[in-house]
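Got a minute to look at how two protein chains can sit together? Have the sequence and the 3D view open side by side, and let's walk through it.

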Amino acid sequence: MIMAKRIALAQLTSCWGCDQSLVDLHLTLLEVLPQLEIVYWPAVVDYKLKDLEAMPDESIHIGLVEGSCRTKEDVHLLKLMRKKAKILVAWGSCSCYGGVQGLGNQWELKELLERKFLKADTVEDGRIPEEEMPGFTESVVPNTEIVKFDVPFPGCPPTSENTLEALSALLTGKPYDLPEKTVCDQCPKERKEKSITKFKRAHEGHIDPDKCLLDQGYLCLGFATIGMCGAQCPTVNTPCKGCFGPPPGIKDHGAKIISALGAIADMDPEELEKAFPDPIGSFYFTDYGASYLSKIRDKEREEK
Amino acid sequence: MTATSQEPKTATKSKRKKAKGFEPRIVAFCCNWCSYAGADLAGTSRMQMPPNVRIIRVNCTGRIDPSFILDALNQGADGVLISGCHPGDCHYSTGNLKMQARFALLQKMVESAGLEPERIRLQWASAAEGDVFTEGVKTMVETVKRLGPNPAGESD
């Protein structure tokens with residue numbers, strides 16, 4: 001019998017969609033499960049933080065960390081996972097790049113707290129919770145900047161197939177490398193020489209299902225996004241939002257997108273600028289926390 | 001990561017903020033065919049301009065990836081100047097127009113990130129316009145002096 005590998009799955013601030021994606025393997029899970037000894041997985045089994053704290057260091061073979069650090073408790077759990085796990089996997093875009101919640105870095109923490117707890121339309125007699133709380137982090141940074149990770153594994157969420165592939169590789173001790181390809185490489189639509197004269201919102205006009213969405217003027221970010229998902233969205237005529245983040249080697253997702261748009265848009269600069277009222281939201285859906293802009297703003301904060 | 005983030009914090013504050021005569025460090029990307037030659041002309045014609053600009057020659061402004069600009073700011077440049085051929089004069093026909101489009105988006109993005117878009121400037125200066133290049137540098141230096149040091153900057 002093969003020795004079962006001890007595995008821990010930790011959830012930080014996130015939607016827990018990565019767990020959902022893992023569980024969505026359904027019966028295929030049975031192929032992997034016998035090789036796993038789950039020692040920590042609060043999303044599914046009732047483990048407490050102290051259980052993890054009590055384990056000897058480096059006693060976990062594979063640790064998967066999902067979510068990003070929005071609270072100080074998240075930071076504690078992340079560092080704990082690093083200490084206890086031999087191989088640490090940044091599971092999902094939150095863990096690799098900060099996730100959707102990284103978009104909050106456009107504002108100060110104080111503004112965010114006021115917006116959420118005091119000014120939201122549904123709030124009456126609001127107050128910012130402070131008692132018995134772990135406290136918030138000033139901004140969301142990728143987990144990979146807090147501790148060292150052995151395997152980056154982006155996706156929002158990584159598909160069930162991705163998860164199975166990565167887990168199988170890790171279990172057999174094979175290296176797991178991210179593909180260099182983009183979503184466009186996996187997309188079945190017909191592409192032409194690009195020259196875009198007008199950008200449309202997804203609900204405007206009629207989409208020709210056979211042709212490239214970007215050619216038709218819809219902001220589909222497949223060209224700048226790592227090809228792991230099998231082009232799920234473009235295949236069903238929904239423009240790619242870039243949720244898996246950039247291919248390996250790209251330092252700034254949004255800057256790369258701007259670079260490409262500048263080359264293919266046949267528009268006045270003013271018109272082009274007007275077409276994107278929220279450039280950060282459009283170009284950094286899940287990875288603003290990892291962007292240069294967010295890093296610069298963090299340094300400014302430190303300076304103050 | 002943690003070790004480096006501790007160090008410059010104190011050094012930056014004492015050295016750069018206190019300094020009365022703040023001398024900005026500006027990175028300039030100049031295209032080989034127009035602005036680099038224009039800067040050269042400004043030099044050989046002995047036109048006076050502030051010495052705050054470090055020029056990086058690129059073949060065309062169309063080669064400048066917006067990440068170069070953001071990387072420069074992240075590494076502590078107080079400003080980034082991009083200087084290229086006039087629209088229509090690009091050696092590669094449309095490289096500068098691509099830069100122009102990228103610049104529009106980049107500036108808007110920098111602004112919505114809560115940073116100062118004035119730290120980035122795009123100008124056109126041909127090979128014969130040493131004076132235009134000089135003026136551009138002067139304006140840029142004045143603007144950046146008014147804004148003060150890049151808060152993300154590290155001391156040298």
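Here's a quick tour of this predicted model, from the interface to the salt bridges, the backbone and the confidence scores.

**Where the two chains meet**

- Start with the contact: 30 residues of chain B touch 32 residues of chain A.
- Putting the chains together buries about 3000 Å², and carbon and sulfur atoms give 65% of that area. On the chain B side, the residues that lose the most area to chain A are L105(B), K108(B) and M109(B), together 22% of what that side buries.
- How many salt bridges run between chain B and chain A? The count is two.
- You can find a salt bridge between the side chains of K108(B) and E273(A), with N to O at 3.8 Å.
- There are also seven residue pairs in polar contact across the interface, with both residues at pLDDT 80 or more.
- Which helices of chain B supply at least two residues each to the side that touches chain A? They're α1 (2-17), α3 (66-74) and α4 (95-112). The biggest giver is α4(B), with 11 residues.
- Sorted by class, that side of chain B has 14 nonpolar, seven polar and nine charged residues.

**Salt bridges inside chain A**

- Over all chains, the structure holds 18 salt bridges.
- One of them joins E108(A) and R297(A), whose closest N and O atoms are 2.8 Å apart. This pair links distant parts of the chain: E108(A) is in the loop between α5 (92-97) and α6, while R297(A) is in helix α13 (residues 292-303), 189 residues apart.
- Are these two partners buried or exposed? E108(A) counts as partly exposed, because its relative accessibility is 25%, whereas R297(A) is buried, because its relative accessible area is just 10%.
- Another salt bridge brings R301(A) and D298(A) together at 2.6 Å, N to O. Both lie in helix α13 of chain A, three residues apart, or about one turn of the helix, and both are buried.
- Now put those pairs together: E108(A), R297(A), D298(A) and R301(A) are linked in a network of salt bridges.
- Elsewhere in chain A, K211(A) and D208(A) meet in a salt bridge at 3.7 Å, N to O. K211(A) is partly exposed at 33%, and D208(A) is partly exposed too, at 27%.

**Backbone oddities in chain A**

- A cis peptide bond joins C156(A) and P157(A), with omega at about -10°. You'll find P157(A) in the loop between β5 (151-153) and α7 (160-172).
- W16(A) isn't a glycine, yet its phi is positive, near 65°. W16(A) sits in the loop between β1 (5-11) and α1 (17-23) of chain A and is partly exposed, with a relative accessible area of 36%.
- E132(A) also isn't a glycine and has a positive phi, about 55°. Its place is the loop between α6 (109-119) and β5 of chain A, and E132(A) is exposed, with a relative accessible area of 84%.

**How far to trust chain B**

- Chain B averages a pLDDT of 88, and 85% of its residues score at least 70.
- Among the elements of chain B, strand β1 (residues 26-31) has the highest mean pLDDT, 97, and α1(B) the lowest, 46.
- Residues 1-14 of chain B have a pLDDT below 50, and this stretch has 14 contacts in the model beyond near neighbours in sequence.
- Where pLDDT is low, don't read the predicted coordinates in detail.

Key:
Residues are numbered from 1 along each chain as its sequence is written. Chains are lettered from A and ligands numbered from 1 in the order in which they are written. Side-chain values use heavy atoms; hydrogens and water are left out. Contact means heavy atoms within 4.5 Å. Buried area is the accessible area (1.4 Å probe) that two parts lose on being put together, summed over both. A salt bridge is a side-chain nitrogen of Lys or Arg within 4 Å of a carboxyl oxygen of Asp or Glu. A polar contact is a pair of N or O atoms within 3.5 Å; within protein, one must be able to donate a hydrogen and the other to accept it, and residues adjacent in sequence count only if both atoms are side-chain atoms. Helices (H or I, at least four residues) and strands (E, at least two) are DSSP runs, numbered from the N terminus. Ala, Val, Leu, Ile, Met, Phe, Trp, Tyr, Cys and Pro count as nonpolar, Asp, Glu, Lys and Arg as charged, and the others, Gly among them, as polar. Buried means under 20% relative accessible area, exposed over 50%, partly exposed in between (1.4 Å probe, protein chains only). pLDDT is the predictor's confidence in each residue, from 0 to 100.
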